[in-house]
Each structure stands twice: as C-alpha cells, then as structure tokens.
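User: Please take one part of this model and walk me through it closely. I would like to start at a loop and follow the chain into the pocket beside it.

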Amino acid sequence: MLSIIIPTFNQRERLAVTLENLAKQERIEHTTVYVVNDGSTDGTKQWLDELDYSWLVPIHQENRGRSAARNTGINHARSTYVLFLDDDMVVTPHFICAHLAAQQQKEAIYIGEIINIPNEYVDDLFHRKQTCLTFHELDPFEQEDFLVNLGRYFQKWNNEGNDISWTCMVAANVSFPITLFKQVNGFDERFKGWGVEDHELAFRFYQEGGTFQFLKQAKAYHLDHRKKINRTQILENVLYFYKKTGLHPEVKAYVDYVTGKISMNELYRQTMKREPAVHEEPLFFKPNKHLTDKESKGHFHATHH
C-alpha cells in the first residue's frame, strides 16, 4: 500500500543510520523500501546487496542524478501511495503510520516536518560513533532552514490549518498517490546537480489540481552533510523552471523568494492568495548563506545529494 523511495549516492554511513531507523518503524513489514543507488563508488552496491531487511529492495543504476533515481524507484513501485525520503534522514516511530493514515483519510500531497541538524554536529557524532541518540537530544541542535521549513510557517499563518502552498514541498519527506506522480510524468530529468527539481514537480502537481497539506506528525531529522555545489548550475535550474512555466506569476514569486528579493510573508500572500493570519516581521531567505552552510570545505564523496 505504501512504498518508500530513497535515492542515494556515496552516503553509505548516513544511509545505514536511515535504514536502521526504518527497521524500527511500525508497519515497516507492510512497506517496501526502494533504495536507488545512483552509481555510488564507495562500496554502497555490495553493502546494500548484503543487507537482509525483508522490506528492502536495492536498485542499482549508473550515475544519472537524483531526479532520475527517484523516477527509477517509482517505476518499480507497485503501491497505492509513495513516500520520498532522503538517504540522510532519521524518522520518529510513527512516521510511516502518520503518512499512511493521512492518505487513507484524504488523498493529497502530504509534506512532513523536517528538523535540519547541521553538518558540523552530525560530523562530530559520526566521528565519535555516536549515532543512536534520542530525538529529544537532537532537537536543540536544529538549524532552521527557510526552504525546507516553509510549511511550518505557512501552516501557522493559516491559523494552524493544514492547507499550504506548492512552494513548501521538498522531496525529502513527502507522500502522495502514485497515480498523481505518473499523471505529471514524474521528475524532469533535465535538472542538473542539486536543487529546484522538487519545487518544479510540486508546481506540476498544483497545476493538476493536487492539494498540499502539512503533516507535522510525520517528523524527519535531516543529518545534513557538506555538498559540492555549482551555484551557476542552480541559477540555471531556477531560470529553466521559470521559463518552462511561461513566466507564471506564482513561479516568479518563488524565484524572487529563493533569490532573496521578497520575504516569506510576501511569498505566502502571492501563492496562498490571502494575508497571513499571524503577523510578524518579514522573513527573508538568504541564498548565499544557505549555500555556504551546505558547501564542501574539502574533499567529500557526495556530489549531487
């Protein structure tokens, strides 16, 4: 009934924690987890093939990028609903049940809560081989991210109503009916590198009449890591998205937000078509700081996850 798709590339250490965590989930035996190894070179293939989780299906392909990896996972899924998760996430015990119960009550695009744990703290945990912390021990280290935490604010500004905008969707913690994904022909594999492809998919969901709901009960902790980021490529992805939509006004608002030109409050007004119910100082996404926080400071294996 529910499939989980996890694309991975050279993140064996964090992926091991993700899978160990999923093994403790309620209803995991009724779930199929497809891990799509996108051409890893760190021994991920052999390691995955030797795991004995009954619910795990490893899929191996040459390196084609995370959009292609997610599409590959969907092509193998035979479930009613699909949940995308990243290879560096640990989730609370009722995570699967929360997504599944929500879908069974009302089919929609459910965006779960993401708690971003900064890479410096995560690297220290792995260095000390201390990766079995309780969630309340991780909570104090959250580094708020004005891209992945948009849903948190949109729900609050909507008087705690669950309806939110397509701009809030990221592919690290989101579920939806598989028929909707196939209806929009999946991820656009022309996006290169890191970023934007999930928002572009969300916009196509929106155009097809999909509704977006914030599911704070489905909480995932993101064990952040350094990335090699091509800033020029990200800008090209943003512009490709904007032009592809025919310069749609809501996409322009998204572009203005991610480039730091308008506030999150204004993004809410333009995409939700109403004033925020809770008024506070304008909140601005700072793209340079965001990318600097995530960029590699030396040699790291990961290049597109």
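Analyst: Start with K273. This residue sits in the loop between helix 12 (264-272) and helix 13. The model is predicted, so read every value as computed from it. K273 is not a glycine, yet its phi is positive, at about 60°. That stands out against the general rule: most residues other than glycine have a negative phi. K273 is classed as exposed because its relative accessible area is 56%, and the cut-off for that class is over 50%.

Now go on to helix 13. P287 belongs to this helix. Is P287 buried, exposed or partly exposed? It is partly exposed, with a relative accessible area of 23%. Leaving aside residues up to four places away in sequence, P287 touches V258, T259 and G260. Its C-alpha atom is separated by 11 Å from that of V255. Along the chain, P287 and V255 are 32 residues apart.

Turn next to helix 11, which holds D256. D256 is buried because its relative accessible area is 13%, and buried means under 20%. Its contacts, again without residues up to four places away in sequence, are K261 and I262.

Step back to the loop between helix 10 and helix 11. L247 lies there. Like K273, it is a residue other than glycine with a positive phi; the value for L247 is near 60°. L247 is partly exposed, at 49% relative accessible area.

Now the pocket. The largest one has a volume of about 720 Å³. It is lined by 36 residues, and those closest to its centre are L147, W194, G195, H290 and L291. Which elements give two or more residues to the lining? They are helix 3 (66-76), strand 6 (109-117), helix 9 (197-207), helix 10 (231-244), helix 11 (249-258) and helix 13 (287-294). Helix 13 gives the largest share, five residues. By class, the lining has 16 nonpolar, nine polar and 11 charged residues.

Strand 6 and helix 11 come up again around helix 7. Helix 7 spans residues 150-157 and is mostly covered, with seven of its eight residues buried. The buried ones are L150, G151, R152, Y153, F154, Q155 and W157. Their cover includes strand 6, strand 7 (163-164), strand 9 (212-223), helix 11 and helix 12. So helix 12, the element before the K273 loop, is part of what covers helix 7. Just after helix 7, N159 has a positive phi too, of about 55°.

Last, the aromatic side chains. The whole structure has 21 aromatic pairs. One aromatic cluster is formed by F84, F176, F181, F187 and F205. A charged side chain meets this cluster at F84: R70 lies over the face of the F84 ring, 5.9 Å from its centre.

To recap the route: K273 is exposed in its loop, P287 in helix 13 is partly exposed, and D256 in helix 11 is buried. Helix 13 then supplies five residues to the lining of the largest pocket, with H290 and L291 among the residues closest to the centre.

Methods
Residues are numbered from 1 along each chain as its sequence is written. This is a predicted model: local features need pLDDT of at least 70, side-chain atom pairs count only at pLDDT 80 or more; totals for chains, interfaces and linings use all residues. Side-chain values use heavy atoms; hydrogens and water are left out. Rings of Phe, Tyr and Trp (its six-membered ring) pair if their centres lie within 6.5 Å; planes under 30 degrees apart count as stacked, over 60 as edge-to-face and the rest as tilted. A charge sits over a ring if NZ of Lys or CZ of Arg is within 6 Å of the ring centre and within 35 degrees of the ring normal. On a 1 Å grid over the protein atoms alone, a cavity is a set of points where a 1.4 Å probe fits but cannot get out, and a pocket is an open set with protein on both sides within 12 Å along at least five of seven lines; lining residues have an atom within 4 Å of a point. Grid points are joined across faces, edges and corners, and a volume is the space filled by probe spheres set on the points. Helices (H or I, at least four residues) and strands (E, at least two) are DSSP runs, numbered from the N terminus. Ala, Val, Leu, Ile, Met, Phe, Trp, Tyr, Cys and Pro count as nonpolar, Asp, Glu, Lys and Arg as charged, and the others, Gly among them, as polar. Buried means under 20% relative accessible area, exposed over 50%, partly exposed in between (1.4 Å probe, protein chains only). Contact means heavy atoms within 4.5 Å.
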